[in-house]
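Here is a set of exercises to work through with the coordinates open beside you. Try each task before you read its solution.

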Amino acid sequence: MIIDILTVFPEMFESPLNTSLIGKAINKGLLTVNIHNIRDYTTDKHFRTDDSPFGGGVGMVMSPQPLFDLYDKILADAQNEGKKPLSLYMSPQGGVLNVDMAAELSEEEHIVILCGHYEGVDQRVLDTYVDREVSIGDYVLTGGELPALVLIDAVARFVSGVLGKGESATNDSFSDGLLESPQYTRPSEFRGQSVPSVLLSGDHKRISEWRRKESLRVTMEKRPELLDNVTLSKTDKRYIKEIQAEMQGNKSEEGSENE
Ligand code: ADE
């Protein structure tokens with residue numbers, strides 16, 4: 001997968017893209033990320049990439065000229081290779097990124113991401129080049145660089161070969177609509193706390209049943225609204241009844257302790 005980034009702060013991408021699984025994916029050639037400095041494309045003699053808004057108001061707006069020139073170059077290069085990239089603009093006005101959108105975007109061969117700044121981007125740029133606006137949540141950040149990095153990380157996890165052997169983004173929290181069950185590692189006993197014995201049993205059937213039930217429990221405790229969109233099996237429904245009874249039991253135990 002190829003990702004082209006348009007930014008006025010290219011240095012913000014250095015460490016995140018050189019580290020951890022994303023760094024490895026780039027080294028392995030599974031992901032190619034090209035960072036373009038918008039400032040390199042301005043024809044302004046003071047190297048400015050923004051200007052004050054027509055009609056007045058505070059802040060600055062990113063100017064069309066450097067962005068048109070940069071987009072034209074990226075799109076012409078892609079066209080020469082027979083590619084038509086999907087063009088995204090990171091913006092709090094966009095559709096909110098979730099696991100389904102990340103999986104869907106991972107199917108794209110080539111994505112171009114514009115990171116906005118200041119009070120926004122001249123609308124003519126968006127009208128001419130942008131296919132889709134993407135937000136990472138209902139809050140406003142100082143620029144689109146961190147959102148672009150969040151998007152790249154979430155999308156890259158669905159690109160085949162990026163996660164380790166046997167790992168899969170489709171087993172993660174949210175991918176089956178539920179949160180993940182708790183995880184433990186060695187030692188089995190630590191500061192008086194032991195790992196649930198079923199995980200040490202070697203009985204894979206019981207382990208996967210335990211994980212499913214705990215997944216349901218964690219979702220019921222932390223994000224109960226997610227269950228509205230999950231298709232529950234008969235066994236799931238039985239687990240939920242058991243969990244509700246256990247929760248009820250815990251509550252009445254707490255109550256009697258406080259008496
Ligand atoms: N730029 C500023 N805030 C943003 C957000 N929440 N999501 C995407 N891009 C942004």
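Let us begin at a single backbone angle: just after H3, glycine 82 takes a positive phi of about 75°. Helices (H or I, at least four residues) and strands (E, at least two) are DSSP runs, numbered from the N terminus.

Before going on, please keep in mind that this is a predicted model, in which local features need pLDDT of at least 70, side-chain atom pairs count only at pLDDT 80 or more, and totals for chains, interfaces and linings use all residues. Residues are numbered from 1 along each chain as its sequence is written, and side-chain values use heavy atoms, with hydrogens and water left out.

**Exercise 1. The helix before the glycine**

Task: Compare the expected span of helix H3 with the distance between its end C-alpha atoms, then find which of its residues are buried.

Solution.
Step 1. The expected span is 1.5 Å times one less than the number of residues. Helix H3 covers residues 64–80, and its 17 residues should span 24 Å. The end C-alpha atoms are 24 Å apart, which agrees.

Step 2. Buried means under 20% relative accessible area, exposed over 50%, and partly exposed in between (1.4 Å probe, protein chains only). By that rule Pro66, Leu67, Leu70, Tyr71, Ile74 and Ala78 of H3 are buried. They cover an arc of only 120° around the axis, so they lie on the same side of H3; the arc is that of the directions from the helix axis to the C-beta atoms.

Step 3. On the other side of H3, Gln79 and Asn80 are exposed.

Step 4. A general rule helps here: an α-helix has 3.6 residues a turn, so residues three or four places apart point the same way.

**Exercise 2. One residue in detail**

Task: Is isoleucine 74 buried or exposed, and which residues does it touch?

Solution.
Step 1. Isoleucine 74 is found in helix H3. Its relative accessible area is 5%, so isoleucine 74 is buried.

Step 2. Contact means heavy atoms within 4.5 Å. Not counting residues up to four places away in sequence, isoleucine 74 touches Asp4, Leu6, His36 and Val112.

Step 3. Now widen the view to the whole helix: the cover over the buried residues of H3 includes E1, E2, strand E4 (61–62), E5, E6 and helix H5 (123–129).

Step 4. For a contrast in distance, take lysine 24, which is 50 residues from isoleucine 74 along the chain; their C-alpha atoms are separated by 25 Å.

**Exercise 3. Building the sheet**

Task: What is the strand order of the open sheet, and which strands are at its edges?

Solution.
Step 1. Two strands pair if DSSP finds at least two bridges between them. The five strands come in the order E2-E1-E6-E5-E7, with parallel pairing.

Step 2. The edge strands are E2 (32–37) and E7 (132–135), each of which pairs on one side only. Neighbouring strands of this sheet are turned by 30° against each other on average, direction ignored; axes are lines fitted to C-alpha atoms, for helices over the stretch in contact, and angles run from 0 to 180 degrees between N-to-C directions.

Step 3. Check the pairs. Strand E1 (residues 2–7) and E2 are parallel over six bridges, with leucine 6 opposite histidine 36. Five bridges join E1 to E6, where isoleucine 5 stands opposite isoleucine 113. Strand E5 (residues 86–96) is also joined to E6 by five bridges, and leucine 86 stands opposite isoleucine 111.

Step 4. From E5 the chain crosses through helix H4 (residues 99–105) to E6, and this β-α-β crossover is right-handed. That term applies if, with the strands pointing away from the viewer, the path from the first strand over the helix to the second runs clockwise.

**Exercise 4. Two faces of a strand**

Task: Which residues of E6 point one way, and which the other?

Solution.
Step 1. In a regular strand the side chains alternate between the two faces of the sheet.

Step 2. His110, Val112 and Leu114 point one way from E6, while Ile111, Ile113 and Cys115 point the other way. Six of the six residues of E6 (residues 110–115) are buried.

Step 3. Turn to E1: five of its six residues are buried, so E1 is largely enclosed by the rest of the structure.
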